[in-house]
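Biologist: Could we go through this structure together? I would like to begin with the helices and then move on to other topics.

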Number of protein chains: 2
Amino acid sequence: MEVSKVEIEKAATILKLLGDKSRLTMIKILDSHDCCVCEFVAIFNTSQPAISQHLRKLKDAGLVIETRRGQWIIYSLNKKSEFYPIVQNLLEHLPNQDFKLKELEEKGLRISCES
Amino acid sequence: MEVSKVEIEKAATILKLLGDKSRLTMIKILDSHDCCVCEFVAIFNTSQPAISQHLRKLKDAGLVIETRRGQWIIYSLNKKSEFYPIVQNLLEHLPNQDFKLKELEEKGLRISCES
DNA sequence: GCTATATATAAGTATATTATTATATATTAA
DNA sequence: TTAATATATAATAATATACTTATATATAGC
């Protein structure tokens, strides 16, 4: 057995979660930087509750973890998830999304949650 | 660049498609055997139109191709799809589903579309 | 304690998804 | 040409999904 195997039903659940442009982009960004909610709100053209709801789903599936830092809640990939290997493999096929964070910096929007 | 990159929006569309237990299982089975519709109907506990509709979606996305053989239409993975590499990578993480075809053979149900 | 900020949750709504049943189409074989 | 089989499509209904707005909670700083 070369790679870790994931039960097909669980895999489908994870893929369905990742089958949303916003969530997939979030996960790709988190692969290189931890982020707080407000950064995602600035990146995506949608409301804060919508972002929170996406993050909740990712958290419920165990794909991400949250850490409170003062007022902010920092999200990161959960490297201990049983799905981490399959997700990592997937992400390798996606183009880097860091330019989205760069755009924020240029607009001076990525200030709020810098500690 | 080690692996082929897929635009994030397209990737999300493909992952959403694969984020369904039936479709994901179909694709995993097709990875080792071409199949006709009637085999899938026998494998999954659902109606023939439901199967046809799943296959239609996979076909529309370019993930599978169909070949008519007499009365039967044989589905196979489309190895020329731009998504084939990412899908292959994914499938490596899933347990083999050939036992489902085996079960059919044992029940004598995998007869119809044998040429 | 009060106010501001960051985030989460609840309720409601519009839309998408997936199944079902009924029916159409294509092929084979008599 | 007719009947049987395999498959596709159409219409519809149940359910799931992803937003929105309104509100609640948690922390920071005064």
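Biologist: Is the crossing in which α2(A) passes α1(B) left-handed or right-handed?

Modeller: Please keep in mind that this is a predicted model. In it, α2(A) passes α1(B) in a right-handed crossing.

Biologist: At what angle do these two helices pack, and how far apart are their axes?

Modeller: Helix α2 of chain A covers residues 21-30, and helix α1 of chain B covers residues 8-18. They pack at an angle of about 115 degrees, and their axes are 9 Å apart.

Biologist: Which residues make that contact?

Modeller: From α2(A) they are Lys21(A), Leu24(A), Thr25(A) and Lys28(A). From α1(B) they are Ile8(B), Glu9(B), Ala11(B), Ala12(B) and Leu15(B). Sorted by class, this contact of α2(A) with α1(B) has five nonpolar, one polar and three charged residues.

Biologist: And the whole contact between the chains: how many residues does each one give?

Modeller: Chain A gives 26 residues, and chain B gives 26 residues.

Biologist: Which element has the largest share on the side of chain A?

Modeller: That is α1(A), with seven residues of the side that touches chain B. The elements of chain A that each supply at least two residues there are α1 (8-18), α2 and α5 (84-91). By class, this side of chain A divides into 13 nonpolar, six polar and seven charged residues.

Biologist: New topic: the DNA. Which residues are closest to DNA strand D?

Modeller: They are Ser47(A), Pro49(A), Cys36(B), Cys38(B) and Pro49(B), and 26 residues surround the strand. The largest share of the surface near DNA strand D comes from α4(B), with six residues.

Biologist: Which other elements supply at least two residues of that surface?

Modeller: Besides α4 (48-60) of chain B, they are α4 (48-60) of chain A together with α3 (37-43) and β3 (72-77) of chain B. The surface has 10 nonpolar, 11 polar and five charged residues.

Biologist: Back to chain A on its own. What elements does it have?

Modeller: Chain A has six helices and three strands. From the N terminus on, they run α-α-β-α-α-β-β-α-α.

Biologist: Why is chain A described as being as compact as a globular protein of its length?

Modeller: Its radius of gyration is 14 Å, close to the 13 Å that the globule rule gives for 115 residues, so chain A is as compact as a globular protein of that length. Its C-alpha trace spans about 50 × 25 × 25 Å along the principal axes.

Biologist: What percentage of its residues is buried?

Modeller: Buried residues make up 33% of the 115 residues in chain A.

How values were computed. Residues are numbered from 1 along each chain as its sequence is written. Chains are lettered from A and ligands numbered from 1 in the order in which they are written. This is a predicted model: local features need pLDDT of at least 70, side-chain atom pairs count only at pLDDT 80 or more; totals for chains, interfaces and linings use all residues. A residue is near a molecule or strand if its C-beta atom, placed from the backbone, lies within 6 Å of it. Helices (H or I, at least four residues) and strands (E, at least two) are DSSP runs, numbered from the N terminus. Ala, Val, Leu, Ile, Met, Phe, Trp, Tyr, Cys and Pro count as nonpolar, Asp, Glu, Lys and Arg as charged, and the others, Gly among them, as polar. Axes are lines fitted to C-alpha atoms, for helices over the stretch in contact, and angles run from 0 to 180 degrees between N-to-C directions. A crossing is left-handed if the near helix is turned anticlockwise from the far one by less than a right angle, and right-handed if clockwise. Two residues are in contact if their C-beta atoms, placed from the backbone, lie within 7 Å. The radius of gyration is taken over C-alpha atoms; the globule rule is 2.2 Å times the number of residues to the power 0.38. A residue is buried if 20 or more other C-beta atoms lie within 10 Å of its own, exposed if 12 or fewer, and partly exposed in between; C-beta atoms are placed from the backbone.
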